[in-house]
Each structure stands twice: as C-alpha cells, then as structure tokens.
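Morning, everyone. Please look at the structure on the screen while I talk.

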Amino acid sequence: MKHAGWKTGMIALLLTGVVGCSNSASPEAATPTQQSATSSQSVSSTSSQQAVHTISVDEKKVEELLSQFKTQPPTKVVTVSVAITEILNELGVTPVGVPTTSSKLPASLDNVPRIGTSHQPDLEQVAKLQPDVILGPTSIQASIDKKFKPASLPTAYLPVDSIDELKLSTVVLGRLFKQEEKATAFLQSIMEKEKAIIDATKGKSAPKVLFLFGSAEALMVMNENTFVGSLARNLGASNVASDVLKQTETYVPLNMESIVAANPDVILLVAHGDPSAVTKKFEEDVKKNGAWEKLSAFKNGKMKALDYSTFGIASLVKVPAAYEELANILYNK
C-alpha cells in the first residue's frame with residue numbers, strides 16, 4: 001500500500017493474533033503515523049506467529065498537528081466530527097460535547113450533550129461547556145472558524161477525509177491524550193483486517209471505478225483522497241477521477257463528457273437522501289447524453305448505490321466492513 005506524503009521515519013508495528021501489549025483493541029483503524037510503545041522491531045512470521053507491518057511516518061506533520069494544542073492533554077474536549085468522536089472513544093477519551101448526527105455514535109456517549117451538526121454547531125451550547133479545545137475536521141475549518149473565532153473559543157483541526165488521514169489523526173490523538181498503547185492496538189486490529197482483504201484481491205484484474213457523491217440535484221465526482229476513494233485505491237482499483245481525468249480537487253462537479261471518455265468499469269454512488277432517486281436521475285442524464293451504450297459500467301450492470309451509513313462519513317470504525325463490501329463489488333462478478 002502506498003502512503004504518499006509520509007516522508008520521514010519508519011516504525012514497525014507488531015501484529016499478533018491476540019494483542020498482548022495493550023489493554024484495548026478495536027476493529028477499526030490502521031494508522032500511518034504510529035509512534036507507539038515500540039520503535040523498530042523485526043519478527044519472523046508464520047501463520048501462527050507474529051507479523052510485522054512497517055509504515056512511513058511524517059513526523060513533521062504529527063508535530064505540526066500537535067502544536068495546535070496549548071493544553072496537552074486537554075481535559076474538556078468538544079468535537080464537531082463523527083470520525084474524531086469515534087477515535088476518541090477508542091482511546092477511552094470522553095468528550096464533554098459531541099456532534100448531533102444521524103450516524104450512530106458509541107453507546108457510551110449516549111448521555112454526552114449534543115452540540116449541533118458539524119456544519120451548524122450551536123455556539124451557545126458549546127460555550128456553556130467551556131471546552132479546552134473544539135476538535136474539528138480540517139476540510140471544514142474555514143466554516144467552523146467563522147463560528148467560533150469571534151467568540152474566542154479554542155479550536156484545533158485534524159485531517160479525517162481518507163483512510164490515511166484517519167490513521168494519522170489516530171496517532172496524533174493517541175500522543176496528545178497519552179494513550180499511545182490504545183491507539184496502537186486499535187490500529188493493529190484494523191491493519192490485520194485491512195491486510196487480509198487486500199491480499200485476497202491481489203492478482204485480480206483491477207477495475208476502473210467512478211465514485212459519485214451527492215443528491216439528485218447535484219452530483220460530484222470523488223478522487224482517491226476521499227474515504228471510499230482511498231479504500232478503492234488500497235484495493236488496487238483505478239479511480240478514473242485521479243488516474244484518467246487527473247482530478248486534483250477532492251470533489252468536482254460531474255461532467256458527462258469526461259465520464260464517457262474515461263469509460264469506468266464500475267460506477268458507485270454515495271448518495272445522501274434517497275439513493276434510488278439519485279440513481280434514477282443519473283441514469284436519466286446518461287441516457288439524455290446518449291452515453292448509455294458507450295459506458296462499460298452500464299453494459300455490465302455495474303452501477304450501484306453504496307450504503308451511506310458505511311461510506312457516507314469517513315470512519316475508522318467502519319473500515320473493515322467498508323473494505324469487505326467494496327472488494328466484493330469491485331472484484332466479484
């Protein structure tokens with residue numbers, strides 16, 4: 001697997017059938033920047049023994065993200081991100097406020113105050129909680145800052161769009177809250193599952209896939225830096241937005257002519273709202289364009305709406321299930 005952008009440092013993560021060096025293992029994440037209990041170790045592996053995974057670490061990025069925090073570790077945290085909330089839960093850190101969301105948060109957070117959605121947080125509710133820091137996703141930093149900066153509320157931002165970013169942020173939070181062993185165990189668990197699924201796709205013909213995100217009113221093309229895009233990349237699939245159309249922006253408006261030229265083998269929709277309505281609208285647009293017979297995805301019946309609860313929001317907790325479902329769609333006839 002490639003981890004573009006992590007330039008410095010190599011750390012060997014020790015994976016075992018039973019994680020013995022930590023008191024908390026979770027089936028969720030594999031992180032790029034893991035500086036956990038051990039530095040570099042090598043262990044010969046057999047089917048019943050230990051396996052070593054080595055990943056690149058951008059220490060400058062880790063330190064840059066940690067430098068945002070004046071209080072280390074913060075004692076009162078509000079989060080406006082589902083992804084960050086899930087990671088904190090795996091680390092045993094309970095925020096004083098979490099986002100209002102249709103996604104199911106861990107049951108342990110049922111009694112934690114809701115502070116509004118990620119895009120529309122309730123300023124008054126957040127201020128009442130007197131947080132040491134408000135944690136948000138880097139992707140919407142500008143909109144959150146507009147809300148909290150005038151009120152002089154402390155904020156910090158972590159990247160959580162792709163699987164690699166989720167891993168990086170898990171490492172950062174593990175260090176920040178002095179929970180590196182839990183972060184390592186969490187990531188080890190994910191890496192085991194991730195490796196097993198990726199290994200099962202090796203040697204198979206890689207399909208060209210197009211990912212669309214949005215509603216019946218507006219669809220965007222997603223490149224490999226998104227959650228589902230990064231999963232497909234790790235599975236060996238070619239994302240036409242990145243590889244054919246050379247799309248550098250994470251999301252760009254749908255252009256039917258360019259899609260026809262790229263001719264994906266598989267078209268997958270991540271639709272908020274009614275997925276059947278989004279699928280129908282897209283099919284209508286394809287027919288109007290005269291592209292129905294030209295696209296391999298339609299010829300082969302390989303257009304599908306993905307489960308929004310699994311793929312709609314970046315989530316390390318859901319990585320194993322997302323990998324399994326996506327691999328089945330991309331490689332099984």
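One definition before we start: a pocket here is an open set of grid points, where a 1.4 Å probe fits, with protein on both sides within 12 Å along at least five of seven lines, and lining residues have an atom within 4 Å of a point. Keep in mind that this is a predicted model.

With that, the pocket. The largest one holds about 890 Å³ of space. Its lining has 31 residues. Closest to the centre are H119, Y308, G312, I313 and A314. Which helix gives the largest share of that lining? It is α12, with 3 residues. Helix α12 covers 308–311. Also supplying at least two lining residues each are α2, at 82–90, and α7, at 227–234.

Now the overall picture. The protein has 333 residues, and 51% of them count as buried. I count 13 helices and 11 strands. Take the contacts with a separation of 6 or more: 72% of them join residues 24 or more positions apart. The accessible surface is about 15000 Å². Carbon and sulfur atoms own 49% of that surface.

On to the inside. In soluble globular proteins, nonpolar side chains tend to be buried together. Here, the largest nonpolar core has 55 residues. The residues with the most contacts inside that core are L135, L173, F211, L235, L268, L326 and L330. Helix α13, residues 319–331, gives the most to this core: 8 residues. There is also a second, separate core, with 21 residues. Among its members are A271, V286, A297 and M303.

Stay with the first core and pick out L235. Leaving aside residues up to four places away in sequence, L235 touches I197, I198, T201, Y323, L326, A327, L330 and Y331.

So what does α13 look like? The helix has 13 residues and reaches 18 Å from first C-alpha to last, close to the 18 Å expected at 1.5 Å a residue. Its buried residues are V319, P320, A322, Y323, L326, A327, I329, L330 and Y331.

Take Y323, which sits in α13. Is Y323 buried or exposed? Buried means under 20% relative accessible area. Y323 has 0%, so it is buried. Its C-alpha atom is 8.1 Å from that of A232, and the two residues are 91 apart along the chain.

Another helix to check is α6, residues 180–201. With 22 residues at 1.5 Å a residue, α6 should span 32 Å. Its end C-alpha atoms are 31 Å apart, so the span agrees. Just after α6 comes G203, with a positive phi of about 90°.

Positive phi also turns up in residues other than glycine. One is Q130, with phi near 50°. Q130 is in the loop between α3 (123–128) and β4 (133–137). Another is K246, with phi near 55°. K246 lies in the loop between α8 (240–243) and β9 (251–253).

Are these two buried or exposed? The cut-off for exposed is over 50%. Q130 has a relative accessible area of 57%, so Q130 is exposed. K246 is at 60%, so K246 counts as exposed too.

To recap: α12 gives the largest share of the pocket lining, and α13 gives the most to the 55-residue core. Over to you.

Methods
Residues are numbered from 1 along each chain as its sequence is written. This is a predicted model: local features need pLDDT of at least 70, side-chain atom pairs count only at pLDDT 80 or more; totals for chains, interfaces and linings use all residues. Side-chain values use heavy atoms; hydrogens and water are left out. Helices (H or I, at least four residues) and strands (E, at least two) are DSSP runs, numbered from the N terminus. Buried means under 20% relative accessible area, exposed over 50%, partly exposed in between (1.4 Å probe, protein chains only). Contact means heavy atoms within 4.5 Å. Accessible areas come from the Shrake-Rupley method with a 1.4 Å probe; for residues, only the protein chains shown count as cover. A nonpolar core is a set of buried Ala, Val, Leu, Ile, Met, Phe, Trp, Tyr and Cys residues joined through side-chain atoms within 4.5 Å. The expected span of a helix is 1.5 Å times one less than its number of residues. On a 1 Å grid over the protein atoms alone, a cavity is a set of points where a 1.4 Å probe fits but cannot get out, and a pocket is an open set with protein on both sides within 12 Å along at least five of seven lines; lining residues have an atom within 4 Å of a point. Grid points are joined across faces, edges and corners, and a volume is the space filled by probe spheres set on the points.
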